[in-house]
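Colleague: I would like a close look at a single part of this model. Please take one helix, then work outwards to what lies around it.

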Amino acid sequence: MDGTGSKVAADVRAPADGARAGDAPAASPQPSTGHGTHGGALQERPFVNQRDPARRLGPDGRPAVSRRAPLWADVPDEQWDDWRWQLSHRINALEELEQVLNLTEDEREGLSAPDKFRVDITPYFASLIDPDDPNDPIRRQVIPTGRELRAFTGMMEDSLAEDRHSPVPGLVHRYPDRVLMLVTTQCASYCRYCTRARIVGDPSQNFNRREHEAQLDYIRRTPQIRDVLISGGDALTLAPKLLEQVIRGLREIPHVEIIRIGSRVPVFLPQRVDDELCDMLAKYHPIWLNIHVNHPNEITPELARACDRLTRAGVPLGNQSVLLAGVNDCVHVQRDLVQKLVEIRVRPYYLYQCDLVEGAGHFRTPVGKGLEIMEGLRGHTSGYAVPTYMIDAPGGGGKIPVMPNYLISYSDHKVVLRNYEGYITTYEEPTEYTPHDKSKCWYCQHQRPEPGQKGVSALLDGDAMWIEPAGFVEIHTRGATEDHRLKDPSKWVPLGVGPIEGRPVRPALGGGEPEATQDGPARGSYGPGEEPRPAPGEPNGTANHELL
Ligand SMILES: *Cc1c(COP(=O)(O)O)cnc(C)c1O
Ligand code: SF4
């Protein structure tokens, strides 16, 4: 777009421009007339936008790359950057993982369990883990531990009752106007907390062309479906031809307005987001795509370039995160995450409460944690960066936002919610939750200061005990300013605690005068159940209308 052919500019553009450089209407490099001098300068010196994460350069002047574990140091770049190489070199066995990470006893136990949920990690994603930190947030998402094997209260195999809402295998029709289409059970890597662990990962249980046809057929025969969400597993792990067949099949159905893809491939395997994929998607617009990032460490130059390619192909991007204990159950981690997401032009869409799924017990947080995070985002950062906090209703009521219209009640172990249809469900809170340790959290220790503006967040994280509203000392009404009743206690009559100091009290029952004593107000005598109250005409709690 700058029209120069300098070496640096070409390198910077190489990873993302590709075949689509000519798609967009050519932006004019010429500033409008009247800025002639600046125009000249602009043309001489190409502007390298280092602030754009997709354009960032490494120390060698080439596009920035993330860390590579020593095990793969000698793999040639062409192989490393090839998604097929990444997929076929995924690691899963204890002996392989040992060469990349210093495994803990807990991890050895998890990896040795016979019936565990599938383990598989791309070399790219495994390289992002700090090999010596057992609490590394990426590590906790993909390496099993012994804790994974423990059951918990409320645990269910199919917690969202997806199987009950499937008219044909792999198609979940829960909402009136949209369906979820599971096109594969395979993923690029496997998340320990996966909601669909019951079907995901098993290669012998995959969906194929026949299931896709049955799913498409149902959608063809169901004209109220206007929105199809393609997921899995991970749709972007399908063979490119097969994926295109599915998308084209959907596009040929006139009542399908939008197609959405939910995919963690840009995070696990950004190499897959190549020009071929983007060109294919661009043929079938409108297509939207949600990625799945849980922690800022996952936002690498590779992910930034993958997202840049997708947005240039006209695919709007959102992000869905899962709230996970020990990974992102921290206001400051979440704030950094959503801000980095908008930097790569990804709009945070949903923050999910962890589902009641087998193997995920140790990831669960109380609902109060999610509410605290939302309190720390809204207003504290750009509105674009604030997702909606959702609980996917146990029993299959769909996703419910955790907010007043939908949050019906709350006890020390259960949350009661209703969905858009009026279906009422409960979410069982975890019984074991280790609160986030602020003293060990880099993000808590390096938070952006908000002097005097922390608001309710300051109360929630324990720094403050109360906030006095601005009207607490003075109440400003139209035309007059009144003191708050607590500023001058003489205007304030506590009910049931005695007569007003220095004022005569009501005569005792039976007509006798109460006696005033030297050192205090006179005490009247009252009948059983009768309270001392100001007599008619005496100032009382509503004298200044405060109680009204
Ligand atoms: C998540 C989901 C959708 C899409 O829900 P939105 O709130 O529109 O993003 C549709 N169908 C099913 C079964 C889902 O789980
Ligand atoms: S990518 Fe999605 S479907 Fe695959 S394991 Fe992770 S959460 Fe489950």
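Modeller: Start with the inward side of H9 in this predicted model. Its buried residues are Glu211, His212, Gln215, Leu216, Tyr218 and Ile219. Viewed down the axis of H9, they fall within an arc of 155 degrees, so they line one face of the helix. The spacing has a simple background. An α-helix has 3.6 residues a turn, so residues three or four places apart point the same way.

Now the length. H9 covers residues 209-220, twelve residues. At 1.5 Å a residue they should span 16 Å, and the end C-alpha atoms are indeed 16 Å apart, which agrees.

The N-terminal end of H9 is capped by Asn208. A side-chain oxygen of Asn208 sits 2.9 Å from the backbone nitrogen of Arg210.

What covers the buried face? The cover of the buried residues of H9 includes strands S1 (171-172), S2 (178-182) and S3 (227-231), together with helix H10 (240-251).

Step back along the chain from H9. The loop between S2 and H9 holds Arg196. Its relative accessible area is 15%, and the cut-off for burial is under 20%, so Arg196 is buried. Setting aside neighbours within four places in sequence, Arg196 is in contact with Glu162, Leu180, Leu182, Ser231 and Gly232.

Leu180 leads on to a ligand. Ligand 1 is surrounded by Val172, Arg174, Tyr175, Arg178, Leu180, Leu229, Arg260, Tyr349, Tyr350 and Lys399. Three side chains put polar atoms by its oxygens. For Tyr350, a polar side-chain atom lies 2.6 Å from an oxygen atom of ligand 1. For Arg178, the distance is 2.8 Å. For Lys399, an N or O atom of the side chain is 3.0 Å from an oxygen atom of the ligand.

Ligand 2 has its own shell. The residues around it are Cys187, Tyr190, Cys191, Cys194, Gly233 and Arg264. By class, that makes four nonpolar, one polar and one charged.

Next come two loop residues with some shared contacts. Asp355 lies in the loop between strand S7 (347-352) and helix H15 (367-377). It counts as buried, because its relative accessibility is 10%. Beyond four places in sequence, Asp355 touches Ser159, Leu160, Thr195, Ala360, Arg364 and Asp392. Met156 is 199 residues away along the chain, yet the C-alpha atoms of Asp355 and Met156 are separated by 9.1 Å.

Ala393 is in the loop between strand S8 (388-392) and strand S9 (399-401). With a relative accessibility of 0%, Ala393 also counts as buried. Its contacts, again leaving out residues up to four places away, are Ser159, Leu160, Gly398, Ile400, Tyr423 and Thr425. Ser159 and Leu160 are thus touched by Asp355 and by Ala393. Ala393 and Leu356 are 37 residues apart in sequence, with their C-alpha atoms 9.7 Å apart.

Finish with H15, the helix after the Asp355 loop. Eight of its eleven residues are buried, so H15 is largely enclosed by the rest of the structure. The buried residues are Val367, Lys369, Gly370, Glu372, Ile373, Met374, Gly376 and Leu377. After H15 comes Gly379, with a positive phi near 85 degrees.

Notes: Residues are numbered from 1 along each chain as its sequence is written. Chains are lettered from A and ligands numbered from 1 in the order in which they are written. This is a predicted model: local features need pLDDT of at least 70, side-chain atom pairs count only at pLDDT 80 or more; totals for chains, interfaces and linings use all residues. Side-chain values use heavy atoms; hydrogens and water are left out. A residue is near a molecule or strand if one of its heavy atoms lies within 4 Å of it. Ala, Val, Leu, Ile, Met, Phe, Trp, Tyr, Cys and Pro count as nonpolar, Asp, Glu, Lys and Arg as charged, and the others, Gly among them, as polar. Helices (H or I, at least four residues) and strands (E, at least two) are DSSP runs, numbered from the N terminus. Buried means under 20% relative accessible area, exposed over 50%, partly exposed in between (1.4 Å probe, protein chains only). Contact means heavy atoms within 4.5 Å. The expected span of a helix is 1.5 Å times one less than its number of residues. The arc is that of the directions from the helix axis to the C-beta atoms. A polar contact is a pair of N or O atoms within 3.5 Å; within protein, one must be able to donate a hydrogen and the other to accept it, and residues adjacent in sequence count only if both atoms are side-chain atoms.
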